[in-house]
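Welcome! Here are some exercises for getting to know a structure step by step. Try each task before you read its solution.

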Amino acid sequence: MERKNRPSSIAMSPSLPQPTVSLEDNIVTARLPSGDSCQVYLYGATVTSWKTSDNTERLFLSSAAALDGSKPIRGGIPLVFPVFGPPPKDHATGQLPQHGFARNSVWEFLGKNSSESMNAKADDTVKLDFGLSSAMLSEDMRKKWPYEFGLVYSVTLGKGKLEVQLHVQNKGDKAFDFQCLFHSYFTVKDISKTTVSGLEGASYVDKVRKVQTFTEESSDIPITSETDRVYSTPSIPPITVKEGGKDSLTCTRDALPDCTVWNGWEDKIASMGDFEPKDAWKRYLCIEPGAVSSWTKLEAGDAWEGSAAFEAKL
Ligand SMILES: O=P(O)(O)OC[C@H]1O[C@@H](O)[C@H](O)[C@@H](O)[C@@H]1O
């Protein structure tokens, strides 16, 4: 019997615009149908651009940043692991460079995971995964930090949002200590009109005032001179950057009790060869969520995860 073509009884849902992801010249670029986009260099897995749908660049990137792998990228979101700042000489990280090796190692792009594949209605998120393991380090670095580890760094782009998450796994047979931090440089229009709230009551180490510890008394901290503080906030409240009194960015955290607030101001920035233009200290603020005020110990076979989500408000 002849079969007639009949219209399918299953209604086909119109195909939704999808996020696009490309890998070219060791740079991963993701774009959402909403127009939000981000760019991540495999070098350091450094996010160098985060643009919201209004085409506003939310991250500061120095115009003199080395992008050729010769030194850590100045700006964006360099990743700090396994030690923050100058490594203490009497610690297992003592031979490593300032802020560790994650920001100056070449990572592998593990692929994307868009929310569309999980939920046909949602097409507004894309997650990019990057990996770094002990086997990928240089021989010199492996000697300086002889532990077996695996890192998965996930960057999730959403509408007006960027989330960063680090998964650390101890793949060896001995425990290790680590610190980690997302060294995020944000653009601000005018540092003199920028304040930070959410840190009232937190204790902080002030590196400018020769590493003394204080308790933050201000509910809205103005940035009026060189600022280099490591806040410790065990209750992990949201941190808000305000510009001209209006919320411009919020940062929520998971398993990251600390946050550095850094602006080098005029003199320090003048002395940094890869920081340009020289007056750009007026237009950036680092808000750096992390776990750096003590060491996180990871036993053989154990894993740890921490994340931060940034939301653009203006
Ligand atoms: O020049 P680097 O190694 O990228 O560090 C920049 C700044 O990074 C901040 O996180 C530190 O608190 C500052 O002390 C430091 O100056």
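**Exercise 1. The ligand**

How far from an oxygen atom of the ligand does a polar side-chain atom of lysine 268 lie?

Solution. Before we start, note that this is a predicted model, in which local features need pLDDT of at least 70 and side-chain atom pairs count only at pLDDT 80 or more, while totals for chains, interfaces and linings use all residues. Residues are numbered from 1 along each chain as its sequence is written, and side-chain values use heavy atoms, with hydrogens and water left out.

Step 1. For lysine 268, the distance from a polar side-chain atom to a ligand oxygen atom is 3.2 Å. A polar contact is a pair of N or O atoms within 3.5 Å; within protein, one must be able to donate a hydrogen and the other to accept it, and residues adjacent in sequence count only if both atoms are side-chain atoms.

Step 2. Now look at two other residues. A polar side-chain atom of histidine 183 is 2.7 Å from an oxygen atom of the ligand, and for aspartate 228 the value is 2.5 Å.

Step 3. On its own, the ligand has 400 Å² of accessible area, and the protein covers 88% of this. Accessible areas come from the Shrake-Rupley method with a 1.4 Å probe; for residues, only the protein chains shown count as cover.

Step 4. There are 13 residues around the ligand, and Gln98, Arg103, His183, Asp228 and Glu288 come nearest. Here, near means that one of the residue's heavy atoms lies within 4 Å of the molecule or strand.

**Exercise 2. The four-stranded sheet**

Find the order in which four strands form an open sheet, and follow the pairing across it.

Solution. Strands (E, at least two residues) and helices (H or I, at least four) are DSSP runs, numbered from the N terminus. Two strands pair if DSSP finds at least two bridges between them. Strands of a sheet pair through backbone hydrogen bonds, either parallel or antiparallel.

Step 1. The order is S1-S2-S3-S4, with antiparallel pairing. Strand S1 (20-24) and strand S4 (46-51) are the edge strands, each pairing on one side only. From one strand to the next, the twist averages 15°. Axes for such angles are lines fitted to C-alpha atoms, for helices over the stretch in contact, and angles run from 0 to 180 degrees between N-to-C directions.

Step 2. Begin at S1, which pairs with S2 over five antiparallel bridges. Glutamate 24 faces isoleucine 27 in S2. The two strands form a hairpin with two residues between them, and aspartate 25 in the turn has a positive phi of about 50°.

Step 3. Go on from S2 to S3, which are joined by five bridges and run antiparallel. Arginine 31 has serine 37 in S3 as its bridge partner. This hairpin has five residues between its strands, and glycine 35 in the turn has a positive phi of about 105°.

Step 4. Finish with strand S3 (residues 37-41) and S4, antiparallel strands joined by five bridges. Here cysteine 38 stands opposite tryptophan 50 in S4.

**Exercise 3. The nine-stranded sheet**

Which strands stand at the edges of the open sheet of nine strands?

Solution.

Step 1. Write down the order, S6-S7-S8-S9-S21-S18-S17-S12-S15, where the pairing is antiparallel. Strand S6 (108-114) and strand S15 (220-222) are at the edges; each has a single partner strand, so one side of each is left without a neighbour in the sheet. With direction ignored, neighbouring strands of this sheet are turned by 20° against each other on average.

Step 2. Strand S9 (residues 161-170) and strand S21 (residues 303-312) run antiparallel and are joined by nine bridges. Valine 168 has tryptophan 304 in S21 as its bridge partner.

Step 3. S21 also pairs with S18, in the antiparallel sense, over six bridges. Threonine 250 stands opposite glutamate 311 in S21.

Step 4. Strand S17 (residues 239-243) and strand S18 (residues 246-254) are antiparallel and joined by five bridges. They form a hairpin with two residues between them, and glycine 244 in the turn has a positive phi of about 55°.

**Exercise 4. Cis peptide bonds**

Where is proline 82 placed, and where is proline 277 found?

Solution.

Step 1. Proline 82 is in the loop between strand S5 (79-80) and S6. The peptide bond from phenylalanine 81 to proline 82 is cis, with omega near 0°.

Step 2. Proline 277 is in the loop between helix H2 (265-270) and strand S20 (284-298). Glutamate 276 and proline 277 are joined by a cis peptide bond with omega of about -10°.
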